[in-house]
Amino acid sequence: MSVVHLAGDTPDPGSRRASWILLGVLTALGLYLSWRILQPFATVILWAGILALLFKPLQRRLVERTKKPNLAATITLIVALFSVLIPLAGVSLAVANEIGTLLDEAPAKWNAWVGNPVNKERLDRLQQDLKARFPVAGGIDGERIKTNVAALGEKLLKLSVGIAGNLLQGVVRFVIIAFSLFFLLRDGDKFELALRQVLPLSSRQSDHLISHTAEIVQASVVGVVAVAGIQGAIGGLTFALLGLPSPVLWGVVMAFLAMVPMVGAGVIWLPAALFLLATGSPGKALALVLIGTLIISTIDNFLRPRLVGGRTGLHELVVFFAVLGGLEVFGLVGLLVGPAILAVAWILLDLFRSSDPGSAEKS
């Protein structure tokens, strides 16, 4: 049976079905190979996409004023570099440096501090007080703590080696993000138009999906990252003023923990306050508790509702698992992408539920 049809011939239904299946298989294969090609750069593309959505209003205002898309994209890219990317790179380098310093100095300082008779007496007294008030504290084993601290030191050493080894890779990713961001800013409308043409949705549904996705990402960046960054900055500055070691490192850790619902930065500053109390600095410990309670832990409740409101539409428990799952799948960018993906999936489910195949709108 010949598969060639003369002009004017109408293919039979079986032939049309076979062509449709072949086209579907080729399309699926093409999409799979495209994903395999882009997969190594998925994180970079996500970072560039998030920054493009964040700085999109500035880009559009500059285009309206200058009428020059290239110039507007260049200015916006410079703003993004100096307000986000370069500070992040600087903080990353400072954290890597502090981890190295901590690993070099911490063991000697710890041994010297523990070997001090005054500190040893203070620790013994504190342990006795804990045993009297909390019987479970009697099971605390000092040798086990030392073993765990040593194991933690080994893990941090491996982490620092990994950070040093990935420094060049980080520089390359930084350049690719900046390169991608320029074109996403300059040609954002073209990418959006192409996305609209690919989506099997009506014009109204496409507008709803794209606008809400941009709003959710912007809300996540402003309401989650910005607020957590403020909490981490205040915590790190407080650590530095109180003379605690590695303030940048612990500030970054507090910022990350502040992004996780039901966890918060108190996981770091509260043990630090106990450390200050145990080392004979009750005034500093009280100051840290006051700053942590009244500022670091409450600024989230004050700022986030005003910056985000209910724009993500997700319950805190859902956000909790979305953040952890996004972190596991996508790395650091998953802190933003995780909640956004779940929120977008909910929007798609709502569109699917409310759609009527028999009366679909034409785009």
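Reader: How many salt bridges does a search of the whole structure find?

Author: The model is a predicted one. One of its salt bridges joins the side chains of Glu192 and Lys56, and another joins Asp187 to Arg186. When the whole structure is searched, the number of salt bridges found is five.

Reader: How many residues apart in sequence are the parts that Glu192 and Lys56 tie together?

Author: The side chains of Glu192 and Lys56 meet in a salt bridge, with N and O 3.1 Å apart. Glu192 belongs to helix H7 (residues 188–198), whereas Lys56 belongs to helix H2 (residues 42–66), so the pair ties together parts whose separation in sequence is 136 residues.

Reader: Is Glu192 buried or exposed?

Author: A residue counts as buried when its relative accessible area is under 20%. The value for Glu192 is 18%. Its partner Lys56, at 24% relative accessibility, is partly exposed, but Glu192 is buried.

Reader: Which helix holds both Glu192 and Arg196?

Author: The side chains of Glu192 and Arg196 meet in a salt bridge of 3.0 Å, N to O. Arg196 is partly exposed, its relative accessible area being 26%. The two residues are four residues apart, about one turn of the helix, and both lie in H7.

Reader: Which residues are linked in a network of salt bridges?

Author: Glu192 forms a salt bridge with Lys56 and also one with Arg196. These three residues belong to a network that includes Arg60 and Asp189 as well. The linked residues are therefore Lys56, Arg60, Asp189, Glu192 and Arg196.

Reader: What is the relative accessible area of Asp187?

Author: Asp187 forms a salt bridge with Arg186, and the closest N and O atoms are 3.0 Å apart. Arg186 is partly exposed at 29% relative accessibility. Asp187, by contrast, is buried, with a relative accessible area of 14%.

Reader: What follows helix H10?

Author: Helix H10 covers residues 266–278 and reaches 18 Å from its first C-alpha to its last, close to the 18 Å expected. Its buried residues are Ile268, Trp269, Ala272, Ala273, Leu276 and Ala278. The helix is followed by a residue with a positive phi, near 85°, namely Gly280.

Reader: Within what arc do the buried residues of H11 fall?

Author: Helix H11 (residues 282–296) has 15 residues and reaches 20 Å between its first and last C-alpha, close to the 21 Å expected. Its buried residues are Ala285, Leu288, Gly292 and Ile296. Seen down the helix axis, they line one face of H11, because they fall within an arc of 75°.

Reader: Which exposed residues does the face of H11 turned away from its buried side carry?

Author: In an α-helix, residues three or four places apart point the same way, because there are 3.6 residues a turn. The buried side of H11 is formed by Ala285, Leu288, Gly292 and Ile296. The face turned away from that side carries the exposed residues Gly283, Leu286 and Leu294.

Reader: How far apart in space are Gly251 and Thr238?

Author: Gly251 is found in helix H9 (residues 247–259) and is buried, at 6% relative accessibility. Leaving aside residues up to four places away in sequence, Gly251 touches Gly232 and Gly236. Thr238 is 13 residues from Gly251 in sequence, and the C-alpha to C-alpha distance between them is 9.0 Å.

Note on methods
Residues numbered from 1 in each chain as written. Predicted model: local features only at pLDDT ≥ 70, side-chain atom pairs only at ≥ 80, totals over all residues. Heavy atoms only, no water. Expected span 1.5 Å × (residues − 1). Buried < 20%, exposed > 50% of the residue type's maximum accessible area, 1.4 Å probe, protein only. Arc of directions from axis to C-beta. Salt bridge = Lys/Arg side-chain N within 4 Å of Asp/Glu carboxyl O. Contact = heavy atoms within 4.5 Å.
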